[in-house]
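This report describes how the helices of one protein chain pack together and then turns to the chain as a whole and to some of its loops. Please keep the sequence and the structure in view while reading.

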Amino acid sequence: MTSTDQSPHETHAEHEGARERLGAVRTEVAKAVVGQDAAVSGLLVALLCGGHVLMEGVPGVAKTLLVRTLAGALDVETRRVQFTPDLMPGDITGSMVIEGRAGELAFREGPLFTQLLLADEINRTPPKTQSALLEAMEEGQVSVDGVSRQLPRPFLVAATQNPVEYEGTYPLPEAQLDRFLLKIVLPLPGRDDELEILNRHAAGFDPRDVRAAGVRAVAGPRDIEAGQVAVRSVQVSPEVTGYIVDIARATRDSPSLSLGVSPRGATALMRSARAWAWLTGRDFVTPDDVKALAHATLVHRLGLRPEAELEGVDVAAVLTSALNSVPVPR
């Protein structure tokens with residue numbers, strides 16, 4: 001029986017099962033990663049929306065461990081690419097190589113051909129390679145030697161950038177930042193969380209072996225696919241739609257911003273709010289869902305005016321001010 005042949009009851013049961021299993025992913029990730037539940041939730045939201053995530057955090061806050069553990073809990077293939085100034089587009093997309101005695105050309109897949117890609121320090125590689133990655137993210141395919149090749153599904157890019165060192169980097173321009181559904185900031189852990197991290201390492205935890213920490217696959221690609229279908233049926237009332245539009249328009253009116261939220265950004269906020277509503281057990285979006293995802297979805301789409309930058313204005317604070325200026329629908 002295909003999914004189109006299923007009865008509404010069977011479809012509902014499948015969606016409920018997918019939600020339960022995807023919810024269990026958080027518990028599995030917590031076995032290896034301490035104190036990054038918001039980042040896990042953001043990655044799940046991006047998977048359900050078919051979007052991608054930009055992760056920002058200083059070295060050592062478990063960005064690589066988080067992605068590796070998430071892949072283990074979801075039973076999806078993962079790869080990691082360390083972006084460097086000499087990385088070429090073909091190094092990530094793949095290239096044509098000569099094989100065999102006959103000297104025939106064959107395509108050798110690059111690391112983009114995976115389901116969960118950790119693109120480490122994306123701002124360390126030149127724009128040409130950044131563009132190849134972003135094109136793959138947008139199109140879900142790569143084109144090499146005139147032939148387009150589909151990437152696996154689901155396909156999530158979790159790109160990281162170091163917010164401390166800017167020397168020798170190639171910052172992503174606003175138009176490319178806009179391609180990321182969410183930007184997640186991974187904070188340094190609190191004292192209790194840091195104690196827990198050290199205690200786990202003292203007890204023999206090996207971050208390169210998440211299976212030994214007890215992490216097991218509790219969901220898979222079929223659950224993600226079922227979740228993506230279910231999210232599309234989450235209801236958004238006219239009042240909540242108007243709330244999202246008014247938030248976007250408030251950023252455009254801010255005197256501190258040269259670049260406000262575009263209609264694509266407003267659409268992204270609606271998509272991520274729908275995914276979050278479904279993950280938390282509802283088939284409708286509330287204003288609280290919108291507020292919960294607003295910063296992660298919108299902050300990287302905003303551009304400060306030069307004079308505001310000189311005054312040390314924080315773009316997140318400007319977004320908070322814009323959010324607070326919009327009446328919340330009842």
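**Helix packing**

Helix H8 (residues 221–231) packs against helix H10 (residues 263–279) at an angle of about 110°, and their axes are 9 Å apart. H8 is thereby roughly perpendicular to H10. On the H8 side the contact is made by Gly-227, Ala-230 and Val-231, and on the H10 side by Arg-274, Ala-275 and Trp-278. Sorted by class, the contact of H8 with H10 has 4 nonpolar, 1 polar and 1 charged residues. The crossing of H8 and H10 is right-handed.

The model is a predicted one, in which local features need pLDDT of at least 70, side-chain atom pairs count only at pLDDT 80 or more, and totals for chains, interfaces and linings use all residues. Residues are numbered from 1 along each chain as its sequence is written, and side-chain values use heavy atoms, with hydrogens and water left out.

Several terms need their definitions here. Helices (H or I, at least four residues) and strands (E, at least two) are DSSP runs, numbered from the N terminus. An axis is a line fitted to C-alpha atoms, for helices over the stretch in contact, and angles run from 0 to 180 degrees between N-to-C directions. Angles under 35 degrees count as roughly parallel, over 145 as roughly antiparallel, 65 to 115 as roughly perpendicular, and the rest as oblique. A crossing is right-handed if the near helix is turned clockwise from the far one by less than a right angle, and left-handed if anticlockwise. Contact means heavy atoms within 4.5 Å. As for the classes, Ala, Val, Leu, Ile, Met, Phe, Trp, Tyr, Cys and Pro count as nonpolar, Asp, Glu, Lys and Arg as charged, and the others, Gly among them, as polar.

H10 also meets H9: the axes of these two helices come within 9 Å and cross at roughly 140°. H9 and H10 are therefore oblique to each other. H9 passes H10 in a right-handed crossing. From H9, Ile-244, Ala-248 and Arg-252 meet Pro-263, Ala-266, Leu-269 and Met-270 in H10. This contact of H9 with H10 has 6 nonpolar, no polar and 1 charged residues.

H9 (residues 238–252) has a further partner in helix H11 (residues 287–298); their axes come within 11 Å and cross at roughly 30°. H9 and H11 are therefore roughly parallel to each other. This crossing, too, is right-handed. Val-240, Tyr-243, Ile-244 and Ile-247 in H9 meet Pro-287, Val-290, Lys-291 and Leu-298 in H11. The residues of the contact divide into 7 nonpolar, no polar and 1 charged. Ile-244 thus appears in the contact with H10 and in the contact with H11.

**The chain as a whole**

The chain holds 13 helices and 11 strands. Its radius of gyration is 21 Å, close to the 20 Å that the globule rule gives for 330 residues, so the chain is as compact as a globular protein of that length. The radius is taken over C-alpha atoms, and the globule rule is 2.2 Å times the number of residues to the power 0.38. Along its principal axes the C-alpha trace spans about 70 × 55 × 50 Å. Of the 330 residues, 48% are buried; buried means under 20% relative accessible area, exposed over 50%, and partly exposed in between (1.4 Å probe, protein chains only). Among contacts between residues at least 6 apart in sequence, 79% join residues at least 24 apart.

**Loops**

Two residues have a positive phi although neither is a glycine.

| Residue | Phi | Loop | Relative accessible area |
|---|---|---|---|
| Ala-62 | about 75° | between strand S1 (53–56) and helix H3 (63–74) | 24%, partly exposed |
| Asp-75 | about 55° | between H3 and strand S2 (78–82) | 51%, exposed |

Which residues does a cis peptide bond join? They are Arg-153 and Pro-154, with omega about -10°. Pro-154 is found in the loop between strand S7 (147–150) and strand S8 (156–161).

Gly-140 lies in the loop between helix H5 (127–139) and strand S6 (141–144). Gly-140 is buried, with a relative accessible area of 9%. Leaving aside neighbours within four places in sequence, Gly-140 is in contact with Glu-135, Gln-150 and Leu-151. The C-alpha atoms of Gly-140 and Leu-112, 28 residues apart along the chain, are separated by 9.9 Å.
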